[in-house]
Amino acid sequence: MEQTIAAVATAPGEGGIGIVRVSGPESYEILKKIFRRPAGERMETMENRRLIYGNIVDSSGSVIDEAMVVYMKAPHTYTGEDVAEIQCHGSSISLRRILAEILRSGAVLAERGEFTKRAFLSGRIDLSQAEAVMDLIQSRNKMALKSSVAQLQGSVRQKIEELRSEILYETAFL
């Protein structure tokens, strides 16, 4: 069974919003452990793809930060696994504390690129699209951005499929 992974998904530094992402079989249970409604009650059930307001709490029940959380069931997620996202204030301290609480609740720290690796391994994206994600993140101009987006949307895969069809046709009739 795959381990559940977690990481801060937003760039380092201060910002209005920060996102912590959790992916894997324990995503739902971990989210239920650390999330409380504003009145303090636990969420026993969470509707798929529904954004909910509340608080992220530590193991003692102390509020770490206000947050909006969403739980998304597999296979219709980026990684193809169950995913939980926590959108909170962009304080690096808040994000680190929330991540630490998620790790204490059973997740392991994701390696760099591991969410995209899982998307590839689940068949959600192909290798050219996985490479396009990094290219998109590192885009420095409009042309690089446009090229990366096209590749992410499958332009390379489509071209390879066209060439493959042509080769199969030619070899079949030679």
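**Exercise 1. Strand E6 and its partners**

Task: In this predicted model, find which residue in E6 is the bridge partner of Met-68, and then work out how E6 pairs with E5 and E2.

Solution.
Step 1. Met-68 has Gln-87 as its bridge partner in E6.
Step 2. Strand E5 covers residues 63-72 and pairs with E6 in the antiparallel sense, over 6 bridges.
Step 3. E2 also pairs with E6, again in the antiparallel sense and over 6 bridges. Within E6, Val-83 stands opposite Ser-23.
Step 4. Strand E6 comprises residues 83-88, and 5 of its 6 residues are buried, so the strand is mostly covered.

**Exercise 2. From one pair of strands to the sheet**

Task: State how strands E1 and E2 run relative to each other, parallel or antiparallel, and say which strands stand at the edges of the sheet.

Solution.
Step 1. Strand E1 (residues 5-8) and strand E2 (residues 18-23) run antiparallel and are joined by 4 bridges.
Step 2. Ile-5 has Ser-23 as its bridge partner in E2. Ser-23 also stands opposite Val-83 in E6.
Step 3. The open sheet has 7 strands, in the order E3-E4-E5-E6-E2-E1-E7, with mixed pairing.
Step 4. The edges are strand E3 (35-36) and strand E7 (108-109); each has a single partner strand, so one side of each lacks a neighbour in the sheet.
Step 5. As background, strands of a sheet pair through backbone hydrogen bonds, in either a parallel or an antiparallel arrangement.

**Exercise 3. Salt bridges**

Task: Say how many salt bridges the structure holds, and describe the pairs formed by Arg-21, Glu-29 and Arg-50.

Solution.
Step 1. The structure holds 9 salt bridges.
Step 2. Arg-21 pairs with Glu-85, and their closest N and O atoms are 2.7 Å apart. This pair links distant parts of the chain: Arg-21 is in strand E2 and Glu-85 is in strand E6, 64 residues apart.
Step 3. Compare the cover of the two partners with the cut-off, under 20% for buried. Arg-21 has a relative accessible area of 23%, so Arg-21 is partly exposed. Glu-85 has 13%, so Glu-85 is buried.
Step 4. Glu-29 and Lys-32 meet through their side chains in a salt bridge of 3.8 Å, N to O. Both are in helix H1 (residues 27-34), and because they are 3 residues apart, about one helical turn separates them. Glu-29 is partly exposed at 36% relative accessibility, whereas Lys-32 is buried with a relative accessible area of 15%.
Step 5. Arg-50 forms a salt bridge with Glu-47, with 3.5 Å between the closest N and O atoms. At 47% relative accessibility, Arg-50 is partly exposed.
Step 6. Glu-2, Glu-81, Glu-114 and Arg-118 are joined into one network by salt bridges that share partners.

**Exercise 4. Ser-94 in helix H2**

Task: Decide whether Ser-94 is buried or exposed, and find which side chain makes a polar contact with that of Ser-94.

Solution.
Step 1. Ser-94 is located in helix H2 (residues 92-104).
Step 2. The relative accessible area of Ser-94 is 8%, so this residue is buried.
Step 3. The side chains of Ser-94 and Asp-65 are joined by a polar contact of 2.8 Å.
Step 4. Leaving aside residues up to four places away in sequence, Ser-94 touches Ile-64, Asp-65, Cys-88 and His-89.

**Exercise 5. Backbone details in two loops**

Task: Find which residues are joined by a cis peptide bond, and say what is notable about the phi of Arg-49.

Solution.
Step 1. The cis peptide bond joins Ala-74 and Pro-75, with omega about 5°. Pro-75 sits in the loop between E5 and E6.
Step 2. Arg-49 has a positive phi, about 65°, although this residue is not a glycine.
Step 3. Arg-49 belongs to the loop between E3 and strand E4 (52-57). With 41% relative accessibility, Arg-49 counts as partly exposed.

**Exercise 6. A nonpolar surface patch**

Task: Name which residues make the nonpolar surface patch, and place Phe-120 in its helix.

Solution.
Step 1. Phe-120, Leu-121 and Leu-127 make the patch, which has an area of about 310 Å².
Step 2. Phe-120 is part of helix H3 (residues 114-121).
Step 3. Phe-120 has a relative accessible area of 34%, so Phe-120 is partly exposed.

Conventions: Residues are numbered from 1 along each chain as its sequence is written. This is a predicted model: local features need pLDDT of at least 70, side-chain atom pairs count only at pLDDT 80 or more; totals for chains, interfaces and linings use all residues. Side-chain values use heavy atoms; hydrogens and water are left out. Patches are made of residues with over 30% relative accessible area and no salt bridge: like charges are joined within 9 Å, nonpolar side chains (Val, Leu, Ile, Met, Phe, Trp, Tyr) within 5 Å. Accessible areas come from the Shrake-Rupley method with a 1.4 Å probe; for residues, only the protein chains shown count as cover. A salt bridge is a side-chain nitrogen of Lys or Arg within 4 Å of a carboxyl oxygen of Asp or Glu. Helices (H or I, at least four residues) and strands (E, at least two) are DSSP runs, numbered from the N terminus. Buried means under 20% relative accessible area, exposed over 50%, partly exposed in between (1.4 Å probe, protein chains only). A polar contact is a pair of N or O atoms within 3.5 Å; within protein, one must be able to donate a hydrogen and the other to accept it, and residues adjacent in sequence count only if both atoms are side-chain atoms. Contact means heavy atoms within 4.5 Å. Two strands pair if DSSP finds at least two bridges between them.
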